[in-house]
Structure formats: C-alpha cells, structure tokens
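Work through the following exercises with the sequence and the model at hand, trying each task before reading its solution.

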Amino acid sequence: MEFKDNEAIYLQIAGYVSEQILRQPWSPDEKIPSVRDLASELQVNPNTVMRTYEFLQNQGVVYNKRGIGFFVAPDADARVKQFRRERFLQQELPGFFNTISLLGIGFGELQQRYQEFQAGQAALIPATTDEKQ
C-alpha cells in the first residue's frame, strides 16, 4: 500500500479496511486480519493498525471479541458508506468542483464520462449463474 503524505496513515488504513468491507471480501460478522497480520501485510507499526481498528470500532464498523480479534459489524457496509459519503461531500467534492470549473468541464461531459465509467464497472462484475445459461 502506498501512503500519501497529506493524511494520517491510520486513516488511510481505515480507508483500506473500509474498501475491503464495501467490496465484500470481508463479510458481516467475519473475523478480519489480526493487528499483527495487517501490520505485516501493510508494512506498518502494529500500533498504527491498532489505532485504525479503535477508530473503526468507535465508528461502529468493527467490533472486538476479547481474546479472539476484530470482526466486521453487521451494519458495517451502511456505516462505511455514510461516513465516506459525508467525507467525500464535505472534503473532496469542493476541490473537484473547483478543478472542473477551472478547466471548463461541463455537466454534459461529466455525465458522459460517468456513464462510460459505470459501463466499464458493470463489465467487471462476474455474470450470475442465470446469465451464464
């Protein structure tokens, strides 16, 4: 994982964990990697991962079973979406609007590119068994 200088590492790791939850490799009530395992995988200090897990626990995204480890909360998907949506709307969208305004990019072009993006994403989703038959 490549870390950016403009955001705390534990928050970037929280973003990584949140993405795993949204993309569903980690399902509700499933055990997530231990602090040491994730620290080793991401090549960071275990204290940083612990701070991440505590942050996510305070957000209601994960919960701790003492002596067993951390697990994905049953409603983690909704909580992550809510948190990331608010963060995007308040922190990232104003900069995005500023950039498109400076570059003279109109709504029509954005809409076209977004539709192309969605079509590309749909092509990445595996076909269901009904579609394969």
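The exercises below go from the whole chain to single residues.

The model is predicted, so local features need pLDDT of at least 70 and side-chain atom pairs count only at pLDDT 80 or more, while totals for chains, interfaces and linings use all residues. Residues are numbered from 1 along each chain as its sequence is written, and side-chain values use heavy atoms, with hydrogens and water left out.

**Exercise 1. Elements and domains**

Determine the order of the elements in the protein chain, and state how the chain is divided into domains.

Start with the DSSP runs, where helices (H or I) need at least four residues and strands (E) at least two, numbered from the N terminus. On this basis the protein chain has six helices and two strands, and from the N terminus on they follow the order α-α-α-β-β-α-α-α. Next take the domain bounds, which come from an automatic or database domain assignment: domain 1 covers 9-76 and domain 2 covers 90-123. Finally, the C-alpha centres of domain 1 and domain 2 are 31 Å apart.

**Exercise 2. Surface and contacts**

Describe the protein chain by its burial, its exposed area and the sequence separation of its contacts.

First apply the burial classes, in which buried means under 20% relative accessible area, exposed over 50% and partly exposed in between (1.4 Å probe, protein chains only); buried residues then make up 25% of the 133 residues. Second, the Shrake-Rupley method with a 1.4 Å probe, in which only the protein chains shown count as cover for residues, gives an exposed area of about 9800 Å² for the protein chain, with carbon and sulfur atoms supplying 49% of it. Third, with contact meaning heavy atoms within 4.5 Å, residues 24 or more positions apart account for 51% of the contacts that have a separation of 6 or more.

**Exercise 3. Two residues**

Is Gln12 buried or exposed, and which residues does Gln12 touch? Treat Phe88 in the same manner, giving its accessibility and its contacts.

Gln12 lies in helix H1 (residues 9-23) and is buried, its relative accessible area being 6%. Once residues up to four places away in sequence are set aside, Gln12 touches Met1, Glu2, Phe3, Lys4 and Glu7. Phe88, in turn, belongs to helix H4 (residues 76-103), and its relative accessibility of 36% makes Phe88 partly exposed. Apart from neighbours within four places in sequence, Phe88 is in contact with Leu93 and Pro94.
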